[in-house]
Amino acid sequence: MNRKPTMKELVAATQFSRATIDRVLNNRPGVNPRTVEAVQHAYASLLVEAAGDMKPAVVKQNAHFALVVQGGAEYNASVKQAGEKIASQLKTRGVTLDIADCPVTDDNEVVRLITQQAESADAIAIVAKNTPVINAAVLKLKQQGKRIIALVSDLDPDARDAYIGINNRAAGQAAGFILGRHLQHCPQSSVAVIVGTLSYSCHDDREIGFRAQIRKTLPSVNVLEVVSGNDDTQQTYDAAIQLLKNDPDIRAVYNVAGGNEGLVAALEEYQGTIKPVVITHEVNEVTERLILAEKIDYILSQNIPQLLLETVDRLIALNQQKPVSAHTFVPIEIVTRFTLMPG
């Protein structure tokens, strides 16, 4: 007998609050359309599972998938390391996952890689900027029948089949909540948000969530924005130095992107009277070293090896014409030096 998804299942699947999900299910106004879509897809997916229609995917032998990553050096390296960690697990299932990466700066190169990898892959996952040239290339492949997942940072919904990653708006809100607790007795202070490039949907969503949370809880706090250009150490350093020269008493910094070595170097070089609280994203070799050295305080992260395994599961399902939720939100991990798990 079919059953409706429980509220607990929907919360786990979407990472939204019970109140938000209730508003969507009861068609109440005031909910972001993307949130409505995510809840509706999660509800439909859970209905299918409850009915027993979504059997575990049977992997064909020699299934070949590709992942193209357009990111900063530290992020690209962390994804490749995660791919190496799960390679043996995939091999036992008859699956290969080729990971190709390119710098943030080169949209034409990422288009070339996507096109090249798609020629031989059964399906493809993509971490890339949400720009017209990239969306056009991805949409063309989808129209040709290629199944596509946007990973970590979303693309145009028309260009991909599904998105997998954290809820980046919620991650920004989490950063705002943490800094809000630190600054509750300093309501007139300044905080900085450093953005790599707003061409990434994830950077854009994180900043929006952060600003919304700060505005809600500490409306008198001055939020300073700086765009560093890319997930680049030198550019982040240059941007942070300029920021600190203009306001040396910044109480907190939220870096939605990479280039964390540059940020820390700037903070150490241009020390004010107060050491700012620093929040950044993704556990990797750089951020792990910096948080253990107490140079940064919090990392908002996601388990990249597990994320890749989830992605492969959904690539398999898509390739076999099985239903997949348009949005799959994985848990947001809040890491300190005390909770950092060895890699």
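Helices here are DSSP runs of H or I at least four residues long, numbered from the N terminus, and a cavity is a set of grid points where a 1.4 Å probe fits but cannot get out. With that in hand, the search was run on a predicted model, and the count came to 2 cavities of 30 Å³ or more.

The largest cavity holds about 200 Å³ of space. Its lining runs to 19 residues, and the ones nearest the centre are Tyr75, His203, Arg206, Asp231 and Glu282. As for where the lining comes from, helix H4 (73-92) and helix H8 (201-217) each chip in at least two residues. H8 provides the largest share, 3 residues. Chemically, the wall of the largest cavity is a mixed bag: 8 polar residues, 7 nonpolar and 4 charged.

The second largest cavity comes in at about 30 Å³. Around it sit Ile194, Ala240, Leu243, Leu244, Val253, Leu263 and Leu267. Helix H9 (233-246) and helix H10 (260-269) each supply at least two residues of this lining, and H9 gives the most, with 3 residues. There is no mix of classes this time: the lining has 7 nonpolar residues, with no polar and no charged ones.

Put side by side, then, the lining of the largest cavity includes 4 charged residues, whereas the lining of the second largest cavity has none. The helices named for the two also read differently, with H4 and H8 at the largest cavity and H9 and H10 at the second largest.

Definitions and conventions:
Residues are numbered from 1 along each chain as its sequence is written. This is a predicted model: local features need pLDDT of at least 70, side-chain atom pairs count only at pLDDT 80 or more; totals for chains, interfaces and linings use all residues. Side-chain values use heavy atoms; hydrogens and water are left out. On a 1 Å grid over the protein atoms alone, a cavity is a set of points where a 1.4 Å probe fits but cannot get out, and a pocket is an open set with protein on both sides within 12 Å along at least five of seven lines; lining residues have an atom within 4 Å of a point. Grid points are joined across faces, edges and corners, and a volume is the space filled by probe spheres set on the points. Ala, Val, Leu, Ile, Met, Phe, Trp, Tyr, Cys and Pro count as nonpolar, Asp, Glu, Lys and Arg as charged, and the others, Gly among them, as polar.
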